[in-house]
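User: I am new to reading protein structures and would like to go through this one step by step. Could you answer my questions slowly, with the reasoning spelled out?

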Amino acid sequence: MQSLRSQSFDLYGRYSHVFRIRTESLPEAPIRILDVGDPFGTIAALFPDDETVSLDIYEDNPSFAHGHQPLIGSGFELPFVDGAFDLICTHDVLEHIPWDRRTEFIAELLRVSRGPVVLVAPFGDPRSVRAEQLINSYFVARLGHSIPALDEHADFVLPDTDLITAWLDETQVPYARFGDGWVYHWVPFYYLKAHLLAAGFEGVVHRIDEAFNALLFPEADHATPHYRTTLVMRPPASLPDLPTPAPQPSDDEVRAQVDELTQLALTLGEALSPTEDPLSRDGRVAEWVAARAASDSAAQRQLATSITTVFDALRETPAADDALDVVREPSFGKPRRRVAVVLVNWNGIEHLPPCLDSLAAQDYPKDLTEVIVVDNGSTDGSLELLARDYPWVRVLPQGHNTGFAPAVTMGAQAATSECVAFMNNDMRAHPSWLSELVEAYDPDNNVVCVAGQIQSWDGERVDFVEGVMNFYGMGDQVGHGKPLAHVDARDGQPLLFACGGAMLVSRHVYLTTGGFDPDFFAYFEDVDFGWRLWVMGYEVRFAEKAITYHRLHGTSSRFPDHQRTLLYERNGLRSIMKNYGDEQLAKVLAPALLLLTKRAVTRGRLDLGRDAYSLGGDREPNETVSRIALAHIHAVDDLINGLDELIEVRERVQRARQRTDEEILELFGTPFAPVLHDTDFVEAQQKVVDGFGLAASFQQRARRVLCVSSYEIGEKMRGPAIRAFEIAKALSTTVPVAVAVPGATDGEVDGIPTLGYPDEQTLVRLASASDVVLIQGFMLRQCSGLAQLPSVIVVDLYDPWLFENIELHGEQPEADVAIKQDVSVINELLDAGDFFICASERQRDYWLGMLSARGAIDSATYAADPTLRQLIDVVPFGLEDHPPRHARPVLKGVHPHVAADDLVVLWGGGVWDWFDPLAVIEAFAVVVERVPNAKLYFLGLELSSPDVPKMKMAEAVVLRSKQLGLYDTSIIFGDWAPYEEREAFLMEADIAISAAKDLAETRLAFRSRILDYLWAGLPVVTTSGDVLSDLVEREDLGIVVPPGNITMLANAMLQLLGNPARRAAMSARCERVASEMSWSSCVTPLRKVALEPWRWRTLRAARVRGRLVTQDVQMMFANRDEEMARLRADRDELVFLRQHSEELEAIVRHKDRPYAVVRKTPGLRKVASLLKRALAALRA
Amino acid sequence: MAGPAIRAWKMATALSARGHDVTLFTTGNCDPLPAPFTVRRGWTDELKQAEAWCDVIVFQGFVIDGQPWLAHTDKTMVVDLYDPFHLEQLELSRETSEHDVRVEVVASTVAVLNEQIARGDFFLCASEKQRDFWLGALGALGRINPLTYDADPSLRSLIDVVPFGVDDEPASQNRHEIRGVVDGIGSDDEILLWGGGVYNWFDPLTLIRAVDALKERRPALRLYFLGMKHPNPEVPQMRMATEAMALSDGLGLTGTHVFFNHDWVPYEQRADWLLDADIGVSTHLDHVETAFSFRTRVLDYLWAGLPIVCTAGDAMGELVTDHGLGAAVPADDVAALARALGELLADKAARADAAAAVRKIAPEFAWSRALAPLVAFCDAPRRAPDLLDRETAGRLAAVGRTAARQRRGPLHVVTSLRRHVRNGRGGEVLRMALRRLR
């Protein structure tokens, strides 16, 4: 029962009875237990030592625990023999069964059990019915939706206790009954939970359940009237000691209770106003509970005790994350964000009044604002002033100066709002400051931090509009001190960081990402924080209209230079050591330290006494050095002292990395701005930057693209490899591209690097080093690590496999399993991809349909581009940019059966099952009678890859040409020609032919071989229906005939073979059309992705794909490894079944209950659910 | 009658002409015309009776959403997918809703479709392009499987094309409604007709700008917007309609070159308006919705023999280009649109050719022909083979249940209520909801 402790109190109650019956009343030895109507397999964890089976009409993330079996099936027709189980339970199922079939269902349960049957369900007592109505209506009011299960209860009507018990009496089934879910608990606790859910308070909901289950159940929850009734049919000799229900009271009493319940619910609903924290000791809920405790009704007093018990338990162990963060209106408007303004004060008494007055004058709703002042040990009377004049401010006195960052964090921790706004105490805010900040805050799109504009106190000069940084971590504020008009402020601009003096940030993000680094004490903690946010995948943006006015250096000018320098230098260094990735840090750290030393020298004017350090110079061991010079050394020393801890912090940041350094470097703005303007230092910096070649690493690095091929590149390349390779070649003029190929060796083909991947890990490593990864087909299934990468995943969907594979597997019994797997692979691809390409507009339509059913066409995707070309675009097949070469004769005059003046009809590729080479052979038999020197040459019959099953079509083609007596004389089958040599065959042919069957696949197909024909200027005879035959027809590049029409096919060949002039004209047109179809123009949509991958990465963060709509569909189609293993096992078993078909058939024919037989047959038990399918296959 | 009602009416007509016993059932308002079939209006109880009576159910849209029990019927179910309304939601929800709400609305609309795709025995759509799209959806939800494929490898027996049709009888005019009748439009003026409503995904603005660009050269040019008033009074006027009127006012065209009809056009008499025009126009923005929708108003132009100028990129644009019915121009291109209109207006012969081409192709779109796949199916109705196979059916039922759960997400109540209000059933649904809450 422990495993259920954290579940809903409702679920816990439901299962507690069967648990007690099993453990207290039945023998200890393992037994067989069936749970009917549970898709999750809850009992697997409840009874780990027993053999358990869960059955439902669907599965929902079922348990695969050892000894447990999830099954799909109907409760009216349980697939088990009589008495197959020792114990059967069913929870909250009866009420979902049509009322006229309920006894039928119970009878089936009784049939299959040889022991007790425990049936738990709500029954149709007026008080239960009212309880359900009250809860459902409260859900609608607070959460905007009803509870579907309760809707269905209302539709189906709750079971009638009398009817069921009368039936049991009639059929002489003994039973006992008792109840739980005391309605006086059930309704109020559901109300509380709904309220907390609506307020985004989910953590507390679970804890309420836990406390309820631990403290109230079972004693207090078994009282009458109860929501749920447990019927134990054929009860064991001794039942656990459970209270039997009180006799039904009179109608008047029932009516009174219904009224009381209604009153309770309505008053509680009122007390639970949207902003109510139910745990508060003086809130309206507390009042309500107190009133119940003082009530005349014993039930109400008991309820008050129960609530108090649970609440006290919760209050004793408060959890930090449970704060009531987002207060939503009951409607579905934009969330009204609560904001806490946090100020740090240290002896700033003269600043506080203007600052706090400007906060009091904010136009942001007061009920959504809290103001917190963290006082760092002021001794100037600040605290007294606050207490006297600003009672609405929450003051957190620290007693001493903790530093800026710890104080701010203290304030953020103490706040209870969704957002925190930080403000310096020497500022005043424009009345719309907060509302403008909140307006720009957009956590759904990763904008979790908003920078306000800071102006000088008089509003004439710039303080902060843009935060920039140089490569060694020195932050700067663009235009600082300049007149406003001279500085360009762009609303909404992404900024590396927001000034810590005026910003808004998600409180949750602030606290979970580490916030301002407390070790900074002061200066640059905001730079470090902003940078870290970008590293972790968030964004910081500028809100131009969120204005504060700042007394420049109100507090900090009171520190001497050497103290400030130490902090600047140490913090800059600390910040780069935290935030750069490994590669970039290695490049930058040495230059940063060199320049830090140079600054010590420059600022400390140390170069004046150099002579003393030359050998033979002044021997005096001591020298007076300015503290500002030593501040640099202290800075480094500080860092070294805390290095262990710093490295830990760095690792945390790097582990959370979501963006590459390259993407963030763009935000630095001024990577090489010198922090000192002394000529000496500026020159030194230039030398260091040049000497270490830093400029290159800060330039916009060209993005790297990796095209993954599942097959080898080079000679005898297969279609998918050719496509990957040609795309890589065409893209290589824009960005650096490599092709990943299976195998261990790296190499180069046509100037494109090929990187070998012997295993999955290597491929993931290669891919993670690339910005964009192009994958095809089953790649993701073979290498699931690819889906987790930060790289942009482009999925090439040039081939609608589903159809091909149905055709391929069509007549095998495992087809259904294979297709299920295909659907699952495709759906996985659709979920994982950031961008998709396909080969034609028609294919795009098809894939859009799939994407749409998968929920991928969501509002984020649509908002980015309503044409959805940023989701999926067309990259057809292109032609090679050189004309086909003909190095040496390969066919005419070379092949023993092809004379130099023969006319060759070329079939330019494999004979897949969806093609129709048989029609071509039939037609060619007609042709060859009239044109005896015509030859039909099949370029490839066998496949070069052993992992594709040999197709039945290849056998049929050979057989048929032998029957016609044309085999190897007029109809010749070539071996699969190497990629390069293919051209020679194309050049020697006179016409080309392509024929496909009339299948669903045809319309979506892209017959790339027809492109080869165009490239070689070959007139084409082809069947109609696909996009390229449309092109042939439109441009008059050959003759198009309907599929399956042998006469027309023969006529078309005869017409072309007999008319050289027409062939020549078509050939010329082919070449013209071909000249417009280059790979280089085909890949245009990919170029944009290759150049701006961050666009797609941003979109990925915003999309909801695969989460909302298709979560469960995903499960249905087994998007998980164990499910895949099961599918494979299924397939093996099907093969096994096929092999043993005769025995099976015999079993089935002679027995009434085939399932029973299978169940008893060792080795076959697991396949019970597959039997039917196997039989269907056998009978077909 | 709006599009869906017309379509249903024509289906009922064709099926009853074939000798089938047909009931046309509506949950909306209904002001019945004389019909050769039974017309019933009602709600759950009446629909349950009708369901029990029939052999085949044909429906489109949100029906299952309002009547969830219908998904569990054993009757043969034909689902008409001619309107990819989830794509419409992407655009519609754009201006009205907050982010979370949009996500919900779009997702639950997809779920509504997914549920019917998991359950339908036979599907209809309006064009080959749509069919490609729906094949994708059918594939993703597991409906393309060995059972459906082996039954018919072309999958035409799973999903086929029933375009919107044109009336079999040619359009004939009883009287003028625009030409020489509307104040400001003379008998010899050159009339462009916008033959329907102005919704957000349309682009009347480019058209009005093109008229503005042409008006000097062609002073007799008149653009007439037929449908500023939706047949259903509860459908609010959309932003684009307001913008179109504002633009026309701003350019000083309203009442001189651009005219908006705010009156009601009875469906049966629409020929009186159509036949007053010289050219039918339809322009839209380049959105995924426009790519897949089927512009039914263009069929009215076909019926009336009007040369057509429309936006390229969808099934209609392709038809116009391929058969020389007028001109299809790129979206959002005032110059190209003005050029196409100018050329067609200046060249009488070209206009006559286009009109002839239109008249030639119109019979191919006759309702009787368009509906052939549905009629053939109803002659020999059958359940889909994968829904008869116990195991596949179980899996598909689970997909459907999942979709049903998602469709009933938090916003279900709100959106369905809004939809019912639009259909004039708000009161009843509200009362029902209250009954349930009491």
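**Reading the model**

Analyst: Let us begin with a helix in this predicted model: in helix H13 (residues 382–389) of chain A, the residues A:Ser382, A:Leu385 and A:Leu386 are buried.

User: How are the buried residues of H13(A) arranged when seen down the axis of the helix?

Analyst: Seen down the axis of H13(A), the buried residues fall within an arc of 100°. On the other side of H13(A) are residues that are exposed, namely A:Glu384, A:Ala387 and A:Arg388. Because the buried residues keep within that arc, they line one face of the helix.

User: Which elements of chain A do the buried residues of H13(A) pack against?

Analyst: The residues in question are A:Ser382, A:Leu385 and A:Leu386, which are buried in H13(A). Their packing partners in chain A are strand E8 (339–345), helix H12 (352–360), strand E9 (369–375) and strand E10 (393–397).

User: Are H7(A) and H9(A) roughly parallel or oblique to each other?

Analyst: Helix H7 (residues 183–198) and helix H9 (residues 251–271), both of chain A, have axes that come within 10 Å and cross at roughly 20°. Angles under 35 degrees count as roughly parallel. Therefore H7(A) and H9(A) are, with respect to each other, roughly parallel.

User: How many nonpolar residues are there in the contact of H7(A) with H9(A)?

Analyst: From H7(A) the contact includes A:Val183, A:Tyr184 and A:Pro188, and among the residues they and their neighbours in the contact meet in H9(A) are A:Leu261, A:Leu264 and A:Leu268. The residues of this contact divide into 2 polar, 1 charged and, as the number you asked for, 9 nonpolar.

User: How do H32(A) and H38(A) lie with respect to each other, roughly parallel or oblique?

Analyst: Helix H32 (residues 917–930) and helix H38 (residues 1046–1057) of chain A pack with their axes 8 Å apart and at an angle of about 45°. The passage of H32(A) past H38(A) is a right-handed crossing. With that angle, H32(A) and H38(A) are therefore oblique.

User: How many charged residues are in the contact of H32(A) with H38(A)?

Analyst: On the H32(A) side the contact includes A:Glu922, A:Phe924 and A:Arg930, while on the H38(A) side A:Ile1046, A:Met1053 and A:Leu1057 are among the residues met. The residues of this contact divide into 12 nonpolar, no polar and, for the class you asked about, 2 charged.

User: Is A:Leu939 buried or exposed?

Analyst: A:Leu939 has its place in the loop between strand E28 (934–938) and helix H33 (952–963) of chain A. Its C-alpha atom is separated by 7.2 Å from that of A:Gly910, although the two residues are 29 residues apart along the chain. Since buried means under 20% relative accessible area, a value of 5% makes A:Leu939 buried.

User: What is the phi of B:Leu155, roughly?

Analyst: Most residues other than glycine have a negative phi. B:Leu155 lies in the loop between helix H7 (146–151) and strand E6 (159–161) of chain B, and it is buried, with a relative accessible area of 0%. Although B:Leu155 is not a glycine, its phi is positive, at about 60°.

User: And what is the phi of A:Asp92 near?

Analyst: A:Asp92 is found in the loop between strand E4 (87–91) and helix H3 (102–112) of chain A, where it is buried, with a relative accessible area of 14%. A:Asp92 is a residue other than glycine with a positive phi, and the value is near 50°.

Notes
Residues are numbered from 1 along each chain as its sequence is written. Chains are lettered from A and ligands numbered from 1 in the order in which they are written. This is a predicted model: local features need pLDDT of at least 70, side-chain atom pairs count only at pLDDT 80 or more; totals for chains, interfaces and linings use all residues. Side-chain values use heavy atoms; hydrogens and water are left out. Axes are lines fitted to C-alpha atoms, for helices over the stretch in contact, and angles run from 0 to 180 degrees between N-to-C directions. Helices (H or I, at least four residues) and strands (E, at least two) are DSSP runs, numbered from the N terminus. Angles under 35 degrees count as roughly parallel, over 145 as roughly antiparallel, 65 to 115 as roughly perpendicular and the rest as oblique. Contact means heavy atoms within 4.5 Å. Ala, Val, Leu, Ile, Met, Phe, Trp, Tyr, Cys and Pro count as nonpolar, Asp, Glu, Lys and Arg as charged, and the others, Gly among them, as polar. Buried means under 20% relative accessible area, exposed over 50%, partly exposed in between (1.4 Å probe, protein chains only). The arc is that of the directions from the helix axis to the C-beta atoms. A crossing is left-handed if the near helix is turned anticlockwise from the far one by less than a right angle, and right-handed if clockwise.
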